[in-house]
Amino acid sequence: MERRKYKLYPLKKNHLFSRAYRKGKSVSSSTMVLYVLKSREKDRSLLGLTVSKKRGKAVVRNRIKRLFRESFRYYLPNLKNGYLIVIVAKQPACDAEFTVIRREMGELLGKATLLEDSK
């Protein structure tokens, strides 16, 4: 049986963010909006995080990104490969607890049909 690597690959290129916003499917919850687009890379999915300056100063924005990254890492073993995933923080994410963020992220990934059925 082949071991799959569960590494978090960041989305860094601006044109890929723009493409995900324009052509991607979006689902939202109270704390975040998730944009999903099929990628040309079939062996991995790329994650991009966006937190506006309206959400707070650098400390707050970085905390939100850390919480989002860790929540995403929880679902990584069940995630389908080959997608561009962009997560945009909403204002309630500033005060949300980690359990709320992780639960909502799981719901959004499920709505976007990105989770494989674990058997």
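Is Tyr-74 buried, partly exposed or exposed? Hold on to that one for a moment, everybody, and thanks for coming. One thing to keep in mind throughout: this is a predicted model.

Now, back to the opener. Tyr-74 has a relative accessibility of 49%, so it counts as partly exposed, the cut-off for exposed being over 50%. Its sequence neighbour Tyr-75 comes out at 14% and therefore counts as buried.

Let's stay with those tyrosines. Searching the whole structure for aromatic pairs turns up two. In one of them, the ring centres of Tyr-21 and Tyr-35 are 5.0 Å apart, and because their planes stand at 85°, the pair is edge-to-face. Where do these two sit? Tyr-21 belongs to helix H1, residues 14–23, while Tyr-35 belongs to strand S3, so the pair ties together parts that are 14 residues apart in sequence. Tyr-21, with 34% relative accessibility, is partly exposed. Tyr-74 and Tyr-75 make an aromatic pair too, also edge-to-face, with 5.0 Å from centre to centre and 90° between the planes.

Tyr-74 has another partner as well. Arg-102 lies over the face of its ring, 4.1 Å from the ring centre. There is a similar arrangement at Tyr-9, where Arg-44 lies over the ring face at 4.5 Å from the centre.

That brings us to the charged residues. How many salt bridges are there? The count comes to three. Arg-44, which we just met over Tyr-9, bridges to Glu-41, with 2.5 Å between the closest N and O atoms. Both ends are partly exposed: Arg-44 is at 26% relative accessibility, and Glu-41 is at 29%.

Next, Arg-73 forms a salt bridge with Glu-70, and here the closest N and O atoms are 2.7 Å apart. These two are three residues apart in helix H2, so about one helical turn separates them. Arg-73 has a relative accessibility of 39%, which makes it partly exposed, and Glu-70 is partly exposed at 39%.

Then there is Arg-103 with Glu-107, whose side chains meet at 3.6 Å, N to O. This pair lies in helix H3, with the partners four residues apart, about one turn of the helix. Arg-103 is partly exposed at 44%, and so is Glu-107 at 42%. Why does that kind of spacing work in a helix? An α-helix has 3.6 residues a turn, so residues three or four places apart point the same way.

Since we have reached H3, let's look at the helix itself. H3 runs over residues 98–111, which is 14 residues, and at 1.5 Å a residue it should span 20 Å; its end C-alpha atoms are 20 Å apart, so the two agree. Which of its residues are buried? They are Ile-101, Glu-104, Met-105, Gly-106, Leu-108 and Leu-109. What covers them includes strands S2 (25–28), S3 (32–38) and S5 (83–89), along with helix H2 (58–75).

For a contact with H2, have a look at Ser-71. This serine is in helix H2, and at 0% relative accessibility it counts as buried. Leaving out residues up to four places away in sequence, Ser-71 touches Phe-98, Ile-101, Arg-102 and Met-105.

After H3 comes Thr-113. Its phi is near 55°, a positive value in a residue other than glycine. Thr-113 has a relative accessible area of 46%, so it is partly exposed.

Finally, let's go inside. In soluble globular proteins, nonpolar side chains tend to be buried together. Here the largest nonpolar core has 28 residues, and those with the most contacts inside it are Leu-34, Phe-68, Phe-72, Ile-85 and Ile-87. S3, strand S4 (46–50), H2, S5 and H3 each supply at least two residues of this core. Which element gives the most? That would be H2, with five residues.

Ile-87 is a good place to zoom in. Setting aside its neighbours within four places in sequence, its contacts include Leu-34, Leu-47, Leu-49, Phe-68 and Met-105. There is also a second, separate core of eight residues, and among them are Leu-16, Phe-17, Leu-37 and Leu-84.

That's the tour, so do rotate the model and look around. Thank you!

Notes:
Residues are numbered from 1 along each chain as its sequence is written. This is a predicted model: local features need pLDDT of at least 70, side-chain atom pairs count only at pLDDT 80 or more; totals for chains, interfaces and linings use all residues. Side-chain values use heavy atoms; hydrogens and water are left out. The expected span of a helix is 1.5 Å times one less than its number of residues. Buried means under 20% relative accessible area, exposed over 50%, partly exposed in between (1.4 Å probe, protein chains only). Contact means heavy atoms within 4.5 Å. Rings of Phe, Tyr and Trp (its six-membered ring) pair if their centres lie within 6.5 Å; planes under 30 degrees apart count as stacked, over 60 as edge-to-face and the rest as tilted. A charge sits over a ring if NZ of Lys or CZ of Arg is within 6 Å of the ring centre and within 35 degrees of the ring normal. A salt bridge is a side-chain nitrogen of Lys or Arg within 4 Å of a carboxyl oxygen of Asp or Glu. A nonpolar core is a set of buried Ala, Val, Leu, Ile, Met, Phe, Trp, Tyr and Cys residues joined through side-chain atoms within 4.5 Å.
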